[in-house]
Amino acid sequence: MRILLTGGTGLIGQALCRLWTAQGHELVVWSRRPEQVAALCSGARGIARLEQLDAGTPLDAVVNLAGAPIADRPWTAKRRQLLWDSRIDLTRQLVDWLASRALKPRVLLSGSAVGWYGDGGERRLDEDSAPGSEDFASQLCFAWEEAAQQAEALGIRVVLVRTAPVLAGSGGMLARLLPPFRLGLGGRMGSGRQWMPWIHLDDEVGLIDFLLQHEECRGPYNACAPHAVRNAEFAATLARVLHRPALLPAPACVLRLALGEMADLLLGGQHLQPRRTLDAGYRFRFPDLEAALADLLGRH
């Protein structure tokens, strides 16, 4: 296939490029830094503007994963605008460009996140559950999906991937947690009772590839492991895999003081199931947290 990818230089994008290059697909990455694409994305071609693609050259699929990192700094007004522009405005620009092309791709797979559900508390959630409405993260995800769904009017199959925090051997959430946990200074966040969805990078990549290949798949799919854990269990499991104690919990008041509203990402959560993902036939390589962490930490 010929695939156009946004967000190709990120953690998930680079892993997808490795997989799809090995499968023989032709990859084009739309990036603010196209000169870095070939090195970061397994030899993919980088473009700075969509207009660089020949209108007569057909695309088989578009995978839209672009977006500034949401959890690496507090949500100032300037940061909120960047988070919005890098997701919603970019997706709208992409869909408008697709509308202008005579040769349209068969599928648009667009990113989203489990933040779409807001803080679900103890409620069991799946893809048919209602969205959150009060916090910034859920509003961001709702608008992001809404922008991508406009491509359906163009006759394009639209798939929405609501991704949980991705566990990877290098980069992502795990990279930020490892230094204190390796010193025995990790621990639960707040009460530790909040549900914490997660997914191994191999399953995130495997699911995106699966949804792209199966033409009957459309709409939202939760990219989260089927065995949900609470935050305290996650902390204890990571410490156990590292053979370290977990001695230092992070009080909720400290997190809120340091991070402001962004602390809701850590103190809230979702008791989430990938029901439509499983019903579609995807089988997780790493459904269990301890096995996933052992695999990732054993590699590195």
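Colleague: Which residues of helix 7 are buried?

Modeller: In this predicted model, the buried set of helix 7 is Asn-231, Phe-234, Ala-235, Thr-237, Leu-238, Ala-239, Val-241 and Leu-242. To get that label, a residue needs a relative accessible area under 20%.

Colleague: How do you know that the length of helix 7 agrees with its residue count?

Modeller: Helix 7 covers residues 231–242, so 12 residues at 1.5 Å each should span 16 Å. The expected span counts one less than the number of residues. Its end C-alpha atoms sit 17 Å apart, which agrees.

Colleague: And what happens just after helix 7?

Modeller: His-243 takes a positive phi there, about 60°, and this is a residue other than glycine. His-243 belongs to the loop that runs between helix 7 and helix 8 (252–259).

Colleague: What makes His-243 count as buried or exposed?

Modeller: Exposed means over 50%. His-243 has 68% relative accessibility, so it counts as exposed.

Colleague: Where is Ser-42, then?

Modeller: Look in the loop between helix 2 (37–40) and strand 3 (45–47). Ser-42 has a positive phi too, near 50°, and is not a glycine.

Colleague: Why is Ser-42 called partly exposed?

Modeller: Partly exposed is the band between under 20% and over 50%. The relative accessible area of Ser-42 is 30%, so that is the class it gets.

Colleague: Back to the helices. What are the axis distance and angle for helix 5 and helix 7?

Modeller: Helix 5 (residues 172–182) and helix 7 have axes that come within 11 Å and cross at roughly 65°. That makes the two roughly perpendicular, because angles from 65 to 115 degrees carry that name. The crossing is right-handed.

Colleague: Which residues meet there?

Modeller: From helix 5 you have Met-173, Leu-174, Leu-177, Leu-178, Phe-181 and Arg-182; they meet Phe-234, Ala-235, Leu-238, Ala-239 and Leu-242 of helix 7. By class, this contact has 10 nonpolar residues, no polar ones and 1 charged.

Colleague: What makes helix 3 and helix 4 parallel or perpendicular?

Modeller: The axes of helix 3 (residues 77–100) and helix 4 (residues 136–149) come within 8 Å and cross at roughly 10°. That makes helix 3 roughly parallel to helix 4, because angles under 35 degrees count that way.

Colleague: Which residues make the contact?

Modeller: Helix 3 brings Arg-80, Leu-83, Trp-84, Arg-87, Ile-88, Thr-91, Arg-92 and Val-95. Helix 4 answers with Phe-136, Gln-139, Leu-140, Ala-143, Trp-144, Ala-147 and Ala-148. Sorted by class, the contact of helix 3 with helix 4 gives 10 nonpolar, 2 polar and 3 charged residues.

How values were computed: Residues are numbered from 1 along each chain as its sequence is written. This is a predicted model: local features need pLDDT of at least 70, side-chain atom pairs count only at pLDDT 80 or more; totals for chains, interfaces and linings use all residues. Side-chain values use heavy atoms; hydrogens and water are left out. Helices (H or I, at least four residues) and strands (E, at least two) are DSSP runs, numbered from the N terminus. Buried means under 20% relative accessible area, exposed over 50%, partly exposed in between (1.4 Å probe, protein chains only). Axes are lines fitted to C-alpha atoms, for helices over the stretch in contact, and angles run from 0 to 180 degrees between N-to-C directions. Angles under 35 degrees count as roughly parallel, over 145 as roughly antiparallel, 65 to 115 as roughly perpendicular and the rest as oblique. A crossing is left-handed if the near helix is turned anticlockwise from the far one by less than a right angle, and right-handed if clockwise. Contact means heavy atoms within 4.5 Å. Ala, Val, Leu, Ile, Met, Phe, Trp, Tyr, Cys and Pro count as nonpolar, Asp, Glu, Lys and Arg as charged, and the others, Gly among them, as polar.
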